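User: I am new to this structure and would like a close look at one part of it. Please take me through the aromatic rings, then through what lies around them.

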Amino acid sequence: MTTSLILHHYPSSPFSEKIRLALGYKQLAWKSVVIPSIAPKPDVVALTGGYRKTPFLQIGADIYCDSALICDVLEHEQPEPVLYPPHLKGVARVFAQWADTTLFWAAMAYNLQPKGAAAMFANLPPAVAQAFGEDRREMSAGMQRLRPADATAAYRSYLRRIAHMAEEHDFLFGAEPCLADFAAYHPLWFTRQCVPVMADIFNATPALLEWMDRVAALGHGRMEKLSAEDAITVAAGLDPLPLADDVFQDEHGIPLGSPVTIAAESFGTEPTEGELIAATRTRYTLRRTDPRAGTVHVHFPRIGYTLRKAEKAST
């Protein structure tokens, strides 16, 4: 139980599908905690301290936020087969960042225009669709969102570009999958699996569907169900792992040991507050204590996240 990979996710979450497939590619065993798709998420917040995007990975009393960081952790846990082939390490990361942002938001603006949203919520009470819409509007406050017509045009172009890559090889960058495949796949998976009424956009790119079938065939690894309560109990019963002896990289003038907040730059900007105990070249780590989960370390990637001194409470 101490070293189990625990993924907190829900079935229709695109970024969760990215991680489920990475787990499948590495043929890892993992425990599945299904979390709500919208707030409130009290069991999530007990572990993360505020971060409520999906998914996050738990290993004992260590909590890893953001799918980009989770992929790094999986690569460390099981180096083979590789997500980051040595000769493609830089380009795979840059491509994945584009796919997780520009491609993702074009895809979702296309997917959830009225026809897609109606199909997604067709068998659910109207209040569920309304609550989901309000939750996502709150999470994306201040973001510039694409209009459906602009998103459709962009998505078509992106699909053609990815299809050109898929015509050259079995996977986007060669004979084997890598991080780029999982990052590009998950927004397209949402179109095909969650709002199939919108999937005719793929008709012009048959090579893309063949590539998607190859990615899907990698599976999701070996999954066992776990309750949220049991996951919190796991965290409470363990100490966080010792921190790697990485160099403190200070870009903010905030010393280690300071009370800080970390929040996503754009979507889902709810802050997590804690004590800054590491700021390495690639990640931040906070120590925080929760009445239910005990002392946990919450880890974030540097890219896409903002670090600030915590504001002192007024007396």
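User: Are Phe 15 and Phe 104 buried or exposed? Please start there and work outwards.

Analyst: A word first: this is a predicted model. Both residues are buried, Phe 15 as well as Phe 104. Under 20% relative accessible area is what buried means here.

The two rings also meet. Phe 15 and Phe 104 form a tilted aromatic pair, with 4.7 Å from centre to centre and 45° between the planes. This pair links distant parts of the chain. Phe 15 sits in helix 1, while Phe 104 belongs to helix 4 (residues 89-111). In sequence they are 89 residues apart.

A second pair involves helix 4 too. Phe 95 and Phe 173 make an edge-to-face pair, 5.5 Å centre to centre, with 70° between the planes. Here again distant parts of the chain are linked. Phe 95 is in helix 4, and Phe 173 is in the loop between helix 7 and helix 8. The separation is 78 residues. Phe 95 is buried, and Phe 173 is buried as well.

These belong to a wider set. The structure holds 13 aromatic pairs. Ring pairs also build a cluster from Phe 15, Phe 104, Trp 105 and Phe 267.

Now follow helix 1, the home of Phe 15. Helix 1 is part of a right-handed β-α-β unit, together with strand 1 and strand 2. The two strands, strand 1 (residues 6-9) and strand 2 (residues 29-34), pair in the parallel sense over 4 bridges. One of the partnerships is His 8 with Val 33 in strand 2. Strand 2 has another parallel partner, strand 5 (residues 222-225), again over 4 bridges. There Trp 30 stands opposite Met 223 of strand 5.

Helix 1 (14-25) also helps to cover helix 9. In helix 9 (residues 206-216), the buried residues are Ala 207, Leu 208, Trp 211, Met 212 and Val 215. Why do they share a side of helix 9? They lie on the same side because they cover an arc of only 140° around the axis. The general rule behind such a pattern is simple. An α-helix has 3.6 residues a turn, so residues three or four places apart point the same way. The cover over these buried residues includes helix 7 (148-168) and helix 8 (179-194) besides helix 1.

Back to helix 4, at its far side in sequence. Gln 113 lies in the loop between helix 4 and helix 5 (114-120). Gln 113 counts as buried because its relative accessibility is 18%. A polar atom of its side chain lies 2.9 Å from the backbone oxygen of Tyr 110. Setting aside neighbours within four places in sequence, Gln 113 is in contact with Pro 148, Thr 152 and Met 198.

One last stop is on a strand. Thr 306 lies in strand 10 (residues 305-309). With 23% relative accessibility, Thr 306 counts as partly exposed. The side chains of Thr 306 and Arg 308 are joined by a polar contact of 3.3 Å. Beyond neighbours within four places in sequence, Thr 306 is in contact with Thr 261, Ile 262, Ala 263 and Glu 265. Leu 69 is 237 residues from Thr 306 in sequence, and their C-alpha atoms are 15 Å apart in space.

Definitions and conventions. Residues are numbered from 1 along each chain as its sequence is written. This is a predicted model: local features need pLDDT of at least 70, side-chain atom pairs count only at pLDDT 80 or more; totals for chains, interfaces and linings use all residues. Side-chain values use heavy atoms; hydrogens and water are left out. Buried means under 20% relative accessible area, exposed over 50%, partly exposed in between (1.4 Å probe, protein chains only). The arc is that of the directions from the helix axis to the C-beta atoms. Contact means heavy atoms within 4.5 Å. Rings of Phe, Tyr and Trp (its six-membered ring) pair if their centres lie within 6.5 Å; planes under 30 degrees apart count as stacked, over 60 as edge-to-face and the rest as tilted. Two strands pair if DSSP finds at least two bridges between them. A crossover is right-handed if, with the strands pointing away from the viewer, the path from the first strand over the helix to the second runs clockwise. A polar contact is a pair of N or O atoms within 3.5 Å; within protein, one must be able to donate a hydrogen and the other to accept it, and residues adjacent in sequence count only if both atoms are side-chain atoms.
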